[in-house]
Amino acid sequence: MSNTSTIIYTKTDEAPALATYSFLPIVKAFTKPSGVNVETKDISLANRILAVFPDFLKDNQKVSDDLALLGELVKKPEANIIKLPNISASIPQLKDAIEELQSKGYNLPNYPDEPKNDSEKDIKSRYDKIKGSAVNPVLREGNSDRRAPKAVKNYAKKNPHSMGAWSSDSKTHVATMDAGDFAHNEKSVTLNKATTVSIEFKGNNGNTEILKNNLNLLQGEIIDATVLSKKALIQFLETQVKDAKDKDVLFSLHMKATMMKVSDPIIFGHAVKVFFKDLFAKHGETFKSIGVDVNNGFGNLLEKLEELPSDKRKEIEQDITVAYKNGPALAMVNSDKGITNLHVPSDVIIDASMPAMIRTSGQMWNAKGKQQDTKAVIPDSSYAGIYSATIDFCKEHGAFDPTTMGTVPNVGLMAQKAEEYGSHDKTFEIQSNGIVSVIDSAGNTLIEHSVEAGDIWRMCQVKDAPIQDWIKLAVSRARASQTPAVFWLDKNRAHDAEIIKKVNSYLPNHDTSGLDIRILSPIEATRFTLERVKEGKDTISVSGNVLRDYLTDLFPILELGTSAKMLSIVPLMNGGGLFETGAGGSAPKHVQQLLEENHLRWDSLGEFLALAVSLEHLSEVTNNPKAQVLADSLDLATEKLLDNKKGPSRKAGELDNRGSHFYLAMYWAEALANQNKDQKLKQIFIPIAEKLAENEAVILQELNNVQGHPTNIGGYYEPDNTLTNQVMRPSKTLNNVLDSIK
Ligand SMILES: NC(=O)C1=CN([C@@H]2O[C@H](COP(=O)(O)OP(=O)(O)OC[C@H]3O[C@@H](n4cnc5c(N)ncnc54)[C@H](OP(=O)(O)O)[C@@H]3O)[C@@H](O)[C@H]2O)C=CC1
Ligand SMILES: O=C(O)CCC(=O)C(=O)O
Ligand SMILES: [Mg+2]
C-alpha cells in the first residue's frame, strides 16, 4: 500500500480534521516536487464505524478498514505516519455518530444496550471495539518522546498565556482512596519463562468460570493484577459527597473513561448513583424498567426519562431538583446548558481536566458560571498523589510563571499496550463473591485475589522489549538534551518494584556517564520536578503509560497553555516513525465556534512540528536530501510564524487556523527560496514565495471576510467533503498559487 517515500497523514475528527482540509493541500503541494508521496488514511470515528459493518451497507457505501491497515503498517520499517488526535468515543458519542450516519442513509444497526440474541451480541461487540480509545493503542508500536521544542518554549516564555493566581487558603484538594483500591491491592510478578495463562473465577458457591483463556506471555514480561472494592469505593464516594457539601466546595470527578473504557465507566456510574442516592433509592425500579445505565453518565438517565409518562417524569424531575439542592454543588461542563461533570463520561477527562483546573487557580465552574474551589475526586490512588503534590506546591508558592518556568519533556512507556491502558480485555466486573486467580500452563497460581460482587478486577501486562526500548530512549534523550531524567516509579508499589529491577539491570547497558538519572516515587518526583520548574530548570520525566498521558498534559498546559503545541514522536520498535501531532484532544468546542462564527481557533503547531520530523525521518530512511531541505525550511517557517505571532486568534474576524496555514505556506516557500542546498527546489519556490507575498493582503481578505456568520459543513462526525472543502479553503488566490506548484 505504501512505499518508503510515503507519508500517511491521518484523517480524524472534529477540529483537527477541519484543519486538515486546509493544511493537507499545502503539504501535498509543497512535498510533491521532492518525490514525497502524502496519502491519507481515514481513522475518523465515522469511518471506523462504517468499516466494521460492510454487511449492512450498500456496495457504494463500503469503506476500507484504514485503522487495520495502519495497524499492520506500524509493524513495518517503512511506516511513516502523521497521526492527528481522534475521538475516543464514549457511548453517548458513539450513539450520536451512529444516528448521524443513519440519517445520511447508511443502514447501520442501533447500538444494542442490552443485546437480546446472538445477532445483537455480535453488533454490540463490533461497536464495543470502536468504543473508547481504540486507535492509539493499535498504532503505538513504540514508546513516546514528547517535548516542547525550543522555539515553542521560548515563544511561550515571551508570550505567556493567562495563569490563574493561587491563594494559600484555597480549599481545593484531591480526594483519593486510602484502602481497597487498585493501588492498594496490586500484586505483580515477572515471568522467568514464557507461558500461557488463564484467568479463573471460583465462586464461594462452587461455581467456576474462565474469565480469559490462552493468554500468551513472554519471558521477562511483567504482569500485575489488582482489584477495586465496590464497597470501599461506595463508602469513599459517600464520604466525599458529604465532605464537599460540608466544606462548600464543588464536587468534581476526574476519570479516564475513554482510555480505561471498561473500568472507569463503572466507577463513573457508582459516582452518579452515590451522588443521586435518594433518587435511586426511590426510583431505582423505574430506572431499571427503562434501561437507565448511568455508567454512560447522568445524561443517560435524563434521556431515558423521555420514555416515561409525563406525570412520572415530572415527579422524577422534581426529585432531581431536590437532589441538586440537597447535595454539594457540582462542577459544571457547561453552566448555561446545565451540563454537569456527571452528565457525560467523556466530557471531563483527567489528563486535561486536572491541569485545566490547576491553571484556573484550582477552581472549576459552578452552576452560576462562576469559579469556585473544588474537591477533585480521583478514586484510585495510584496516580492521584501527583495532583495533590502539585496543588500543595501552588498553595505554598503561588501559580507557576510561564515566562520563567522550566520545561518537563516526557519519555513514556507505551509500546504494545503497556500497563493499564492495555488492560481492557482483562478487566472484569465481578458477579459474585469468590476468588480470581491467574494460572499458568503448568497449573501454578501466579496471582490470586479474594473478590466480592461488584468489584472490578483487572490484569495488566508489559513486555520486556518495550521496557528495554524505553530505558534506551530515556538515556538517549537525557544525553541529547543534557537534562536530568527522573524515572517516576514507586518502590512500594508492586508493579513499579518489578520495573525498578529492570531499570537497574538495563541501565548499565548504556553509557550514562555524566548524566543525572534517578528513580523517585511519583510524589517525590513531582516535588523534585516542580522545585526545578520554578527555578527555570528542565527535567525529563520518564514514566509508565498512565503518567505519560497525565504528565504530557499537565506540564504543557501549565507551560504552554495547551498540549497541542508539543512535539510528540513515537519511534516505532521496528524502525518506522509515528508522529503524533501535539499531545491533546480533538477540541469539540472549536468545531462549535466554526459552525457559529466560521472561525476555527485550532492551532496547527503540533501538525507543523510533526510534519517536520516526519520529513526528516523520511529523508534519512530513503536517502532523500530534498526531504531534509523541506524539513529544515519548515522548521524555519514555524519559528518565523511564532516570532511574527501568526498563530490563530480566538476571536472571529481575526486570523484563524486557515490564516495561520497561509502564513506557514508563505514562510515555508520563502525558506525554500532562500536555501542553497537544493537548487531545483529553490527555483520552484522562488516564484511561489513571491506570489504568496504579493497577494498577502488579498488572501487575508478572502480568508477573513467569510468569518462572523454561521456556516454549514453538512455533518459533525461525517462532514460533507465538498462543503467542508469550501469552508476550509475560501481563498481562491491561495488555492491557485498552491495549484501552480509543479
Ligand atoms: N490523541 C488523541 O487522539 C486524543 C484524543 N482525545 C479526544 O479528544 C476529545 C476532546 O478531549 P478534551 O479532553 O476535551 O481535550 P482537547 O485537547 O480537545 O481540548 C481541551 C482544550 O484545549 C485547547 N486545545 C486543544 N487543542 C488545541 C489546539 N490545537 N489549538 C488550540 N487550543 C487547543 C482548547 O481550549 P479552548 O477551548 O480554550 O480553546 C480545548 O478546548 C475527546 O473525544 C477525547 O477522547 C483526547 C486526547 C488525545
Ligand atoms: O487515546 C486517547 O483517548 C487519549 C490519548 C491521550 O490522551 C494521550 O496519549 O495523551
Ligand atoms: Mg493525554
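1. Let's start with ligand 2. In this predicted model, the residues surrounding ligand 2 are Ser88, Ser133, Asn136, Thr258, Met259, Asp351, Asp549, Thr552 and Ala583. Sorted by class, that shell holds 5 polar, 2 nonpolar and 2 charged residues. Keep Thr552 and Ala583 in mind, since both names come back in point 4.

2. Ligand 1 has its own surroundings, made up of 21 residues. Ser88, Ala564, Gly584, Gly585 and Asp603 come nearest to ligand 1. The class split for the shell around ligand 1 is 10 polar, 8 nonpolar and 3 charged. If you want a residue to click on that links these two points, try Ser88: it is listed around ligand 2, and it is also among those that come nearest to ligand 1.

3. Next, the database annotation. The UniProt record, an unreviewed entry, puts the label "binding site" on Arg146 and Arg548. Those positions span 403 residues in sequence, yet their C-alpha atoms are no more than 8.9 Å apart, so they gather at one spot. Please read the label as something that comes from the record.

4. What does Arg146 touch, leaving aside its neighbours within four places in sequence? The contacts of Arg146 are Pro409, Asn410, Gly412, Thr552, Met566, Leu567, Ser568 and Ala583. Of these, Thr552 and Ala583 also belong to the surroundings of ligand 2. Arg146 itself is found in strand 4, which runs over residues 144-147. Arg146 counts as buried because it has 26 C-beta neighbours inside 10 Å.

5. Arg548, the other annotated residue, lies in helix 19, residues 545-560. Is Arg548 buried or exposed? With 26 other C-beta atoms within 10 Å, Arg548 is buried. Not counting residues up to four places away in sequence, Arg548 touches Ser144, Asn410, Gly412, Leu413, Met414 and Ser543. Asn410 and Gly412 are worth a look here: they are in contact with Arg146, and Arg548 touches them too.

6. Two residues have backbone angles that I would flag for a newcomer. Phi of Asn214 is near 55 degrees, which is positive even though the residue is not glycine. Asn214 sits in strand 8, residues 208-217, and is exposed because it has 9 other C-beta atoms within 10 Å. Glu419 also has a positive phi without being glycine, with a value near 60 degrees. Glu419 is in the loop between strand 15 (410-412) and strand 16 (427-429), and its 21 C-beta neighbours inside 10 Å make it buried. So the surroundings contrast: Asn214 is exposed, whereas Glu419 is buried.

7. Stepping back to the whole chain, there are 27 helices and 24 strands. The C-alpha atoms fill a box of roughly 80 × 65 × 60 Å along the principal axes. A compact globule of 742 residues would have a radius of gyration near 27 Å, and the chain, at 26 Å, agrees with that. Buried residues account for 51% of the 742 residues. Taking contacts between residues at least 6 apart in sequence, 78% join residues at least 24 apart.

8. For a sense of distance across the chain, pick Lys32 and Thr404. They are 372 residues apart in sequence, and their C-alpha atoms are 41 Å apart in space. Lys32 is found in the loop between helix 1 (14-31) and strand 2 (37-42). With 14 other C-beta atoms within 10 Å, Lys32 is partly exposed.

9. Finally, the domains. The assignment gives domain 1 as 173-180 + 229-383 + 390-395, and domain 2 as 183-228 + 424-459. Their C-alpha centres lie 30 Å apart. How many residues of domain 1 are in contact with domain 2? There are 13, and they meet 12 residues of domain 2. On the side of domain 1 that touches domain 2, the elements giving two or more residues are helix 9 (230-247) and helix 10 (263-275). Helix 9 gives the most, with 3 residues. By class, the residues on that side of domain 1 divide into 5 polar, 4 nonpolar and 4 charged.

Methods: Residues numbered from 1 in each chain as written. Chains lettered and ligands numbered in written order. Predicted model: local features only at pLDDT ≥ 70, side-chain atom pairs only at ≥ 80, totals over all residues. Helix = DSSP H or I, 4+ residues; strand = E, 2+ residues; numbered from the N terminus. Buried ≥ 20, exposed ≤ 12 C-beta atoms within 10 Å, placed from the backbone. Rg over C-alpha atoms; globule rule 2.2 N^0.38 Å. Contact = placed C-beta atoms within 7 Å. Near = placed C-beta within 6 Å. Nonpolar A, V, L, I, M, F, W, Y, C, P; charged D, E, K, R; others polar. UniProt positions renumbered as here; feature names shortened; annotations may be inferred. Domains from an automatic or database assignment.
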